[in-house]
Amino acid sequence: MGIAHAAAATEILASEEMAIVEGSPASARQWSPPGAAYWALFVIVLATFLTFFDQVVFGMLAQRIKTDFGLTDSQLGFLAGPASIICYLFIGIPLARLADIFPRKYVLAGGVTVIGVITALGGIAQTFTQFVGTRVFLAAGGSAHAPSSYSLLADAFPPKKLTRAFALLQFGFIGGVTLGPIVGGMLIGMTAHWAPTYIGGLKILGWQWIMVWIGIPGLLVALLFLTVKEPLRLAPHADAAQPPQNASLGRRLLTFSGFDAAQAIHAKRRVYYPLFAGLALSAIETFGLQFWRVPFMIRTFGWNEAQIGAVMGSMILVASLMGLLLGGIFVEWLAKRYKDANVRAAAILFGCVTVCSIVSPLMPNGYLSLGVMSLGAMFGIAGAVPQNAAIQRVAPNAMRGQVTAIYLFMFTFFGAMGSFIVGLVQDLVIGNEAELWKTLVITASVLLPIATLCMVRAIRPYREEVEALEAAGR
């Protein structure tokens with residue numbers, strides 16, 4: 001009952017906050033002052049950095065978690081994957097609904113607070129079950145971040161500057177995935193020989209302190225979100241699907257579950273289905289295979305975490321910066337020729353990622369393997385901006401947060417299942433721990449080409465939808 005009352009009250013508040021008339025062109029609305037828009041972007045970049053930094057450091061700890069908790073590769077894959085999406089399945093979409101009706105800065109502040117607290121609690125986990133519990137609830141905080149961030153940025157920046165904002169947002173990702181291996185490797189090396197700490201009945205291993213430390217900055221970033229100026233929301237277009245007014249409690253709960261957003265997606269299924277499928281399957285490489293790179297380097301080439309972090313971090317930094325440059329130039333070049341530049345660029349670039357993901361484990365030494373992996377990261381970064389911009393371009397204004405959350409759930413689900421599938425294939429098919437490279441090649445060769453084909457299939461319907469939106473003055 002409380003959810004329904006909160007929804008009713010905040011929908012009224014949101015409607016008062018919308019200063020733009022229905023169907024008005026983008027040029028007629030008042031956008032956030034540049035200073036306020038870029039400050040909001042800066043704080044979101046910091047929060048994004050912490051999110052990916054925490055994920056990467058956790059991945060750096062994978063082999064130690066497996067050893068100290070006595071896990072199989074399947075259990076390790078479950079911890080990194082399905083454990084993180086259980087909570088998202090039930091909480092992610094409702095939280096995204098909050099991004100559509102509450103001031104998004106408060107949703108973001110709450111989310112980053114949860115991430116910080118739960119990450120720190122993971123540092124005192126005593127059993128595999130407790131570790132799974134922390135990963136489950138960690139996803140609750142993370143599920144609020146992207147839908148709220150994307151929605152806020154889409155209302156803060158004019159369409160012509162939105163792609164630039166999403167490009168700058170990638171610096172949060174770049175910082176997380178480059179400093180994560182370097183700092184994580186150094187911290188693991190520093191704590192590797194620490195004796196366990198006993199506090200009350202808790203036994204805290206040396207590497208677990210790292211998780212306690214990296215959880216604290218999230219609380220500081222949460223305070224920064226309170227200084228962000230909430231941008232005006234774009235009023236829904238006259239023909240846009242809307243949650244019904246004066247609806248029953250059951251119907252409002254359906255709205256919170258993503259029912260209306262799912263209807264909007266199904267109504268434009270020729271656009272969304274292949275696009276969502278392609279973007280979701282691409283997450284297998286982004287999150288699934290990525291998790292296993294550190295165990296792969298340890299088992300195949302005998303490197304330790306400090307070595308891996310130093311080399312991989314510097315390579316990914318260069319690759320990421322080159323990817324941003326490549327992505328911007330490539331998408332702008334395509335945009336002069338095609339209305340579907342965002343999806344066309346994503347399809348081409350992910351095709352390159354697919355090749356690199358298959359070839360990387362086959363390299364004869366660790367440097368070449370990480371080099372090819374970094375090349376794939378470059379193409380992945382280049383394709384990330386048009387992927388995100390494509391969804392925001394066609395999502396209905398009134399439910400952009402939930403549409404984004406559904407897209408991100410697909411992305412998160414397949415990424416999480418990717419790490420679990422690798423663990424299953426390793427345990428059930430390959431068996432030999434030293435031959436993890438075979439599992440990576442098999443998984444990438446089977447699944448990633450399908451993702452590329454789905455993106456190619458999305459090009460034409462996306463182009464037609466963009467043309468229809470432009471004809472309607474949107």
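Start by selecting Arg-460: its relative accessibility is 53%, so this residue counts as exposed (buried is under 20% relative accessible area, exposed over 50% and partly exposed in between, with a 1.4 Å probe and protein chains only). Now add Glu-464, which at 31% relative accessibility counts as partly exposed. The two residues form a salt bridge, with 3.3 Å between the closest N and O atoms (the term means a side-chain nitrogen of Lys or Arg within 4 Å of a carboxyl oxygen of Asp or Glu). Both sit in helix H19 (residues 436-471), 4 residues apart, or about one turn of the helix. Helices here are DSSP runs of H or I with at least four residues, strands are runs of E with at least two, and numbering starts at the N terminus.

Before going on, please note that this is a predicted model, in which local features need pLDDT of at least 70 and side-chain atom pairs count only at pLDDT 80 or more, while totals for chains, interfaces and linings use all residues. Residues are numbered from 1 along each chain as its sequence is written, and side-chain values use heavy atoms, with hydrogens and water left out.

**The whole chain**

Zoom out to see the protein chain, with its 19 helices and 2 strands. Of its 474 residues, 57% are buried. Take contacts (heavy atoms within 4.5 Å) between residues at least 6 apart in sequence: 83% of them join residues at least 24 apart. The chain exposes about 19100 Å², and carbon and sulfur atoms supply 69% of that area. Accessible areas come from the Shrake-Rupley method with a 1.4 Å probe, and for residues only the protein chains shown count as cover.

**Further salt bridges**

The salt bridge count comes to 10. For one of these, select Asp-155 and Arg-104, whose side chains meet at 2.8 Å, N to O. This pair links distant parts of the chain, with Asp-155 in helix H7 (residues 128-156) and Arg-104 in helix H6, 51 residues apart. Are Asp-155 and Arg-104 buried or exposed? Both are buried.

Next, go to Arg-344 and Asp-340, where the closest N and O atoms of the salt bridge are 2.9 Å apart. Asp-340 has 0% relative accessibility, so this residue counts as buried.

**A patch on the surface**

Stay with helix H6 (residues 104-122) and pick Tyr-106. Its relative accessible area is 48%, which means that Tyr-106 is partly exposed. Add Leu-220, Leu-223 and Leu-226, and you have a nonpolar surface patch of about 440 Å². Patches are made of residues with over 30% relative accessible area and no salt bridge; like charges are joined within 9 Å, and nonpolar side chains (Val, Leu, Ile, Met, Phe, Trp, Tyr) within 5 Å.

**Into the cores**

Which residues touch the most other members of the largest nonpolar core? Select Ile-65, Phe-131 and Trp-207, which do so in a core of 87 residues. Helix H19 gives the most to this core, with 13 residues. A nonpolar core is a set of buried Ala, Val, Leu, Ile, Met, Phe, Trp, Tyr and Cys residues joined through side-chain atoms within 4.5 Å.

Centre the view on Trp-207 and show its contacts: leaving out residues up to four places away in sequence, Trp-207 touches Leu-61, Arg-64, Ile-65, Asp-68, Phe-69, Phe-131 and Thr-191. Then look for a second, separate core of 27 residues, which includes Ala-37, Ile-44, Ala-109 and Val-228.

**Aromatic pairs**

The whole structure holds 9 aromatic pairs. Rings of Phe, Tyr and Trp (its six-membered ring) pair if their centres lie within 6.5 Å; planes under 30 degrees apart count as stacked, over 60 as edge-to-face and the rest as tilted.

Select Phe-52 and Phe-173: the ring centres are 4.8 Å apart and the planes are at 90°, so this pair is edge-to-face. Phe-52 lies in helix H2 (residues 34-60) and Phe-173 in helix H8 (residues 159-191), so the pair ties together parts 121 residues apart in sequence. Phe-52 is buried, with a relative accessible area of 18%, and Phe-173 is buried too, at 16%.

Move on to Trp-303 and Tyr-367, an edge-to-face pair with 5.0 Å centre to centre and 65° between the planes. Trp-303 is in the loop between helix H14 (293-301) and helix H15 (305-335), while Tyr-367 is in helix H17 (residues 366-394). At 10% relative accessibility Trp-303 counts as buried, whereas Tyr-367 is exposed, with a relative accessible area of 53%.

**Last stop**

Follow helix H17 to Ser-374. Ser-374 is buried, with a relative accessible area of 5%. Leaving out residues up to four places away in sequence, Ser-374 touches Met-315, Ile-316 and Ala-319.
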